[in-house]
Amino acid sequence: MPDVCVAPPAAYLHVRDTLLRAAVWSATLLVGAVFAWLLADLLGQGAARIDWSFLTSAPRNAGRSGGIAPILVSTLVVVVVAIAVAAPLGLATAVLLAEVVRRGGRTERLIGLSLDVLAGIPSIVFGLFGNAFFCIWLGLGFSILAGGLTLACMVLPILIRTAESGLRMVPNDWRFGAAALGLSRAATLWQILIPAAAPALLAGLMLGIGRAMAETAALVFTSGYVDRMPSSLWDSGRAISVHIYDLSMNVAGGDQSAYASALVLIVLLIMINSAAIWLADILLVRRIKMI
Amino acid sequence: MSRLDRDTRLLWSLSASAVLASGLLLLIVLFLAAESWPALSRVGIQAFFFGKGWHPTEGAFDLTPMLVASLATSTLAMAVAVPFGVASALFQRFYAPVLFGQIYLWIIVLLAGTPSVVLGLWGLTTIVPLILWLAPPGTSLIAGSLILSLMIMPTVALTTDAALAALPQSHWAGAAALGLSREATIINVILPSARASIFAGSILALARALGETMVVLMVSGNVVQVPTSLFDPVRTLTANIALEMAYATGDHRSSLFVSGLALAGLVLILAIAARRSGGHVVHA
Amino acid sequence: MTATPDRIADGSYWPQSYTLGPIMSGEPCCVPKTLISVEGLSPSYSGKTALENVSLDIDGGCITALIGPSGCGKTSLLSSLNRLTDLIPGCRLAGRIRIDGEDIHGVDVNVQGLRRRVGMIFQRPNPFPLSIRRNIEMPLREHGMSRRSELDERIERALRDVGLWAEVRDRLDSPALTLSGGQQQRLCIARAVALEPSILLMDEPCSALDPLSSGIVEDLIASLRGRYTVVIVTHNLAQARRIANYAALFWVQNRAGTLIEFDQCRRLLEAPRSDITAAYVRGHRG
């Protein structure tokens, strides 16, 4: 007996195809609409408050009026501390992972695992740790230094992973070429590998800066709430994300200032992100030229 | 020889950095454990799950309502974010006209980069009033889930997108040669081949949702209770830490570290599950 | 016994232990004296043997071609000679290699110094992403040369040696990656030559180049004869015939590369002693 064709009727298939197409389009349109809504609120409620004096004056009346100058300074300093600590440490670890230890070997897996675990830890837990270790155990108190160091722990895995993959993208031809010329490992690293991977390293750095700047939960209990202009690293300082949180939750009538601060933060993040993309493009162009 | 010395020095400083970087995890676990120990040793681990409510100043540390709230908001957020994320990736790859797809990808990337505190602010001023209009008090489980889903949807979308990009073009050629429609190819060939990555991306998104503090703190109401409806206000583990850390002392403070440890453990299990599932995960 | 021209010509100069005999066809490149001596070399990668028990002596100042099908271990032999195999994870070497009588795996051997003496040119030109000048200057500096005048002189000499000087003298500071493929390969040779090595290892240096550049590089290699000991891997038998004094044929036997025949290049190509060689050479002719 010949095989019977068991395919469902064509009408069913047609309906299925149409439904899938409609689902994909409508889901996408909904996401686009929500994004437009979010963007409209940000611009509509935030843009009106933003002018030069908003960026350059201190907050008044718990932030309802006045500006965000000390908050921008605190944010900047916290991020600088975080990157200044995490970047060298991260680069060195990445070099070890990409250039020294055996791929897939025990050392690589061990370090890799602990980095992946570190990357997965929720930011509020970093906040707990930062509070217990930096603020209390090391006696730094609620300070910009404690906040920056906590953020450094948080962005370290990102910096290491991006730098590692950047270094791995450097073609082996150059490593062999350097070895064949009898160059030392240090010379190969400084003269060839790091310059060749520089755009990727910088792009990773931008990613880390962006992550640090957007962080709130890890900072509330480490760098604190004080919205005065910080005078030293040991002063408490309020980061911009903490400012947004405080205005929207604890200050009645602070929504407009919160939206304005949010807009500033997002514009900063987009600038940093564009820099990262631009650097990645440079990398791509270079690679194409090489081939 | 001096050059050898230079290499040796380099190797030593690299190793020292790596030890420091990977030792950090140990340090964190050590401190969390040490800070948790007073509460754990005094009231015992079972008191955190089968106690008599959350009255930390009176020595009652039942985390169950917070645990339920965390799981409920995250799971609901997943249920929304995964279909939307996968649809977004399919749209971007296979449906959108070129320029449109680029713009859409750009939107997803922007959403992925939006700080959670900004999403929380938007949710509090826009979504919460809408839900209040449906059923008071507005700040609720459903509000938390919706904003969380907006936060994690890009993770699913970008992971799926990367998985779709990695599929060989020959799938399409083969399917086309058999006369399959675009939808038939997606359902029968594309999605099954990308399944592992989509799963891994979803687990990663779930872990992010569980670990998120600001969104749930701002829009879900922060009342300690096991929710009975979508419109009940709830307090998650993360929000609980953020709310009480400011004034907690003694065993109370210690119990917050216990919940932090539990949270980290939960998220780690998920992260390892995502890794084990073998999919290709994008860090968005 | 002294090496007078007539003695070289009639063959009576060559000591008995020297198995290869004089170069009958064509001019001798030099007074042959073993510079590289390989004894029982068997490199293996993660337990998989690439070459089985290879022994051969390579004469100083001559060009020796390594030929044979892909995957028969020619490149493994080449990169054993400057210990570049150290960089390949899971690679182990059995046997001994002596250069100028010194065991290159000895405990007190300075690997970087060894690689300076034994330069290497790769199949794909691999100039560093630096300027043309820095590509040559940086290795010199790393090997301890710092006087500007001396550096400039060496750079110019190296570039003249490879016939690149006229082409790049006006743009020494432009990126090396803007050069054409053939120019890049000549720059790589210049970079190696600037370190004044005694041996140059070349791994199919012409195979990634267009025919014109390939011809230029080939003439360059031929011109290095006498000044450097060149060991070159090539798939191009015509090229081997044109430039090499000696040739070694490798073949895969029992899943490992084996040295089948080692002889003067002309003799190996025209009157092979082994059937495998004969078949390989014939295959290339047909």
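Is Phe31(B) buried or exposed? In this predicted model, Phe31(B) has a relative accessibility of 11%. Buried means under 20%, so Phe31(B) counts as buried.

The ring of Phe31(B) takes part in aromatic pairing. Counted over all chains, there are 16 aromatic pairs. One of them is formed by Phe129(A) and Phe31(B), whose ring centres lie 6.1 Å apart. The angle between the two planes is 85°, and the pair is edge-to-face. Phe129(A) belongs to helix 5 of chain A, residues 123-137, while Phe31(B) belongs to helix 1 of chain B, residues 2-43, so this pair joins two chains. Like Phe31(B), Phe129(A) is buried.

Phe31(B) also pairs with Trp137(A). Here the centres are 5.7 Å apart and the planes meet at 80°, which again is edge-to-face. This pair too crosses between chains, with Trp137(A) in helix 5 of chain A and Phe31(B) in helix 1 of chain B. The two partners differ in their exposure. Trp137(A) has a relative accessible area of 60%; exposed means over 50%, so Trp137(A) is exposed. Phe31(B), at 11%, is buried.

These residues belong to a wider group. Phe129(A), Trp137(A) and Phe31(B) are members of one aromatic cluster, which also includes Phe133(A) and Phe134(A).

Chain C offers another kind of contact with an aromatic ring. There, the charged end of Arg191(C) sits over the ring of Phe128(C), at 4.4 Å from the ring centre.

Conventions: Residues are numbered from 1 along each chain as its sequence is written. Chains are lettered from A and ligands numbered from 1 in the order in which they are written. This is a predicted model: local features need pLDDT of at least 70, side-chain atom pairs count only at pLDDT 80 or more; totals for chains, interfaces and linings use all residues. Side-chain values use heavy atoms; hydrogens and water are left out. Rings of Phe, Tyr and Trp (its six-membered ring) pair if their centres lie within 6.5 Å; planes under 30 degrees apart count as stacked, over 60 as edge-to-face and the rest as tilted. Helices (H or I, at least four residues) and strands (E, at least two) are DSSP runs, numbered from the N terminus. Buried means under 20% relative accessible area, exposed over 50%, partly exposed in between (1.4 Å probe, protein chains only). A charge sits over a ring if NZ of Lys or CZ of Arg is within 6 Å of the ring centre and within 35 degrees of the ring normal.
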